[in-house]
Amino acid sequence: MSESVIGKPQRRIDGRLKVSGTARYAADHAMPGMLYAYGVYSTIAKGRILAINDQQAKSMPGVVTILHHGNFPRLHRTPETPMVFAAILSAARLDERRLPFEDDRVSYPGQFVALVVAESFEQARAAAYRVNVDYESAEPVKSLADALRSQGAREGGRGHARGTPEPAFQAAAMRLDVTYSTPVETHNPMEMHATTAWWQDGRLFLYEASQAVTNHRNVLANIFDLPPDRVEVRAPFIGSGFGSKLWPWPHSIATCAAAKVTNRPVQLMLPRAQMFTTVGHRPETLQRMRLATNAQGKLVSIRHESYSSTSTTDAYTEACGGVTKSLYSCANVLVSHKNSPVNRGTPTSMRAPGAAPGLFALESAIDEMALANGMDPLDFRQLNLATRDESVGLPWSSNHLPEAINVAAERIGWRQRNPAIGSMREGDEIIGYGMGACNWDAYQVPTDARVILRADGTALAQCAVQDIGTGTYTIVAQTISQLTGLPMERIEVQLGSSAYPPGAMSGGSWVTASVMPAIAGATRQALNKLREYAVLSGGQFPGADATKLDVQDGYLLNGEQRVSFAEVLGKQRLARAEGNFQSGPAKAGEHSFRSFGVHFVEVRWDPGISRLRVARVVSAIDVGKVVNPLAARNQVEGAIVMGIGMALFEATEHDPRSGLPVNNNFAEYAVPVHADQPEMDITLLDYPDLNLSEFGARGIGEIGVTGLAAAVANAVYHATGKRIRSLPITKEKLMAGL
Ligand code: MOS
């Protein structure tokens, strides 16, 4: 067998394209004769459009057309694929079911109310500013609290119940009943949403910032009533998405319609302000946690009741208790999820949906419960961790969380800390230590792939998964290199087009686990074809048993003889040996597949100037086999930075009078900058999960963002004695002691 490529640090095969500016993103494609579209966005949160006064705008230079509900082409809604089936390749899912410009209703601020199409971007934008819309404004629902007060909450599904939590709680030695909250957070990937669309011979083509080209294609096929093979969605490069680019949003549909109406290519790039309104966000949550332990500190009752905001048009639910039902061993558990509608755009998945806010609550509450019991939070967790998934009654496929905790604790010096509040000082600063477990689902979902061994000695892979900046291109090449022995530089990888074999969406941290088996299956099929060619009468090994031919370093081996792939094809005058394969979902019913990990955090608090910073993060993560340690570490580092944003900075603020977003820009929506970066020490445990697949990789995109905010909050408590139960942990809250 060839030397192992899987597991060895690999630099990104697309890295040079990215750092040289050669990689082209959705808005980098300029088609001949292309027009530019710019939206007119609602400046009220709720109401009706009375009139669109576009006369002045229409007469401005370069304006081709102005679309709105009065003249927009009639499109079709797409039947809804429920979230649980979102991973199937025929899924046609979107979060905002209402079509753009469907009627005169306004349901959220920033909703598209008109679309100006002009010869240049500047002309379109200038004219959009001159479209005056008369509204009849109604009183909006402006926050989750407002929504709960005025409308109550409705079931959001995916709850869990076992045992008798209430009597167990009442009879317990120690009880905790506290409520946590998290604000609206906005994804804000570097690359704004963009669509470049054109029609040609009844076919629709687009470059789209999409994490799921197959789903996007299926949705547009429904909306424009086309067979799916007449729509081609391309997303070869994406400036990340964090979940906001999973499902199509109104701008994409509107741009395709504008291209149809004008019969010219049209490009739209969403302004940064609209990244906060019309392409999803993580909703607000309120989470009541009730925990109880017996006199030995063993959990006897867990209740996690969460409420999240949704839009008035769609019912998205942030499933905060998804991890709570299984991380700790407990006989009596209740997890519930309810939502309540607010006049905002529809929320959507944001990196570790449910788990990121949910583990802020759970892992903060676990810390509170441990301290109430007079126990070290580490010992409390080790005592209570579940050794199997009690929510489904199955063993874990692979779980090394106890080891992860011990490894990271050792590296940060947890046992050497002084656990007394405010006891560790250095200069003006008080040092605090805190920990939080992280956890995320592991999925393998259906994916098709094609691998072609070419007569020039190279290989080509095609698959309609996306590389959203995570390193998928490289992992596909590694898989082929591993099985063929071809060097990485002789492997070409093509991803991110719905013209390729349908692939999984880049979400749920499942692409690595899903694409590797598909690519491996296709590679093996291509190699088998090659073996058959080699044993043909005109081949190099006529009459030999094809199944006995070994593969090494790009050669077929027949005992002592060897022949390169290129020579096999050359002798037969063939261009290629092609393999196609569809991988299935993970085998259900025998194991519970999850990933595990832990963050330890050191914060430094200067009470004199109320400055708080995260100085150090020590993490140990168990995601099965680590395919590319460079990319994997990079994923965890990025997730830690995002977790610091969640813990200390991020919150989309809405004006309490109007319901409009007020910090919808990078100046006022605070995210961690270079000065906020901590020292990071990341251990990747690297135990292959062979119950999941032959490669044993569970995926690593999301887990790192979970548990981090709780670890920070717990460290803040250690430093300051202040238990902050609402994110973000701002200096104002610390000064007020809220
Ligand atoms: Mo992830 S929130 O599934 O892109």
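**Exercise 1.** Determine which side chains form polar contacts with the side chain of Asn339, and place Asn339 in its surroundings.

*Solution.* Begin with the pair Asn339 and Thr317, whose side chains are joined by a polar contact of 2.9 Å; such a contact is a pair of N or O atoms within 3.5 Å, where within protein one must be able to donate a hydrogen and the other to accept it, and where residues adjacent in sequence count only if both atoms are side-chain atoms. Next, the side chain of Arg154 makes a polar contact of 2.7 Å with that of Asn339. The model is predicted, with local features needing pLDDT of at least 70 and side-chain atom pairs pLDDT 80 or more, while totals for chains, interfaces and linings use all residues. Residues are numbered from 1 along each chain as its sequence is written, and side-chain values use heavy atoms, without hydrogens and water.

Then widen the view to contacts (heavy atoms within 4.5 Å): leaving out residues up to four places away in sequence, Asn339 touches several residues, including Ala153, Glu155, Ser308 and Tyr316.

**Exercise 2.** Decide whether Asn339 is buried or exposed.

*Solution.* The relative accessible area of Asn339 is 2%. Buried means under 20%, exposed over 50% and partly exposed in between, with a 1.4 Å probe and protein chains only, so Asn339 is buried.

**Exercise 3.** Find what share of the chain is buried and how far apart in sequence its contacting residues lie.

*Solution.* Of the 738 residues, 62% count as buried. Among contacts between residues at least 6 apart in sequence, 80% join residues at least 24 apart. The C-alpha atoms fill a box of roughly 80 × 75 × 50 Å along the principal axes.
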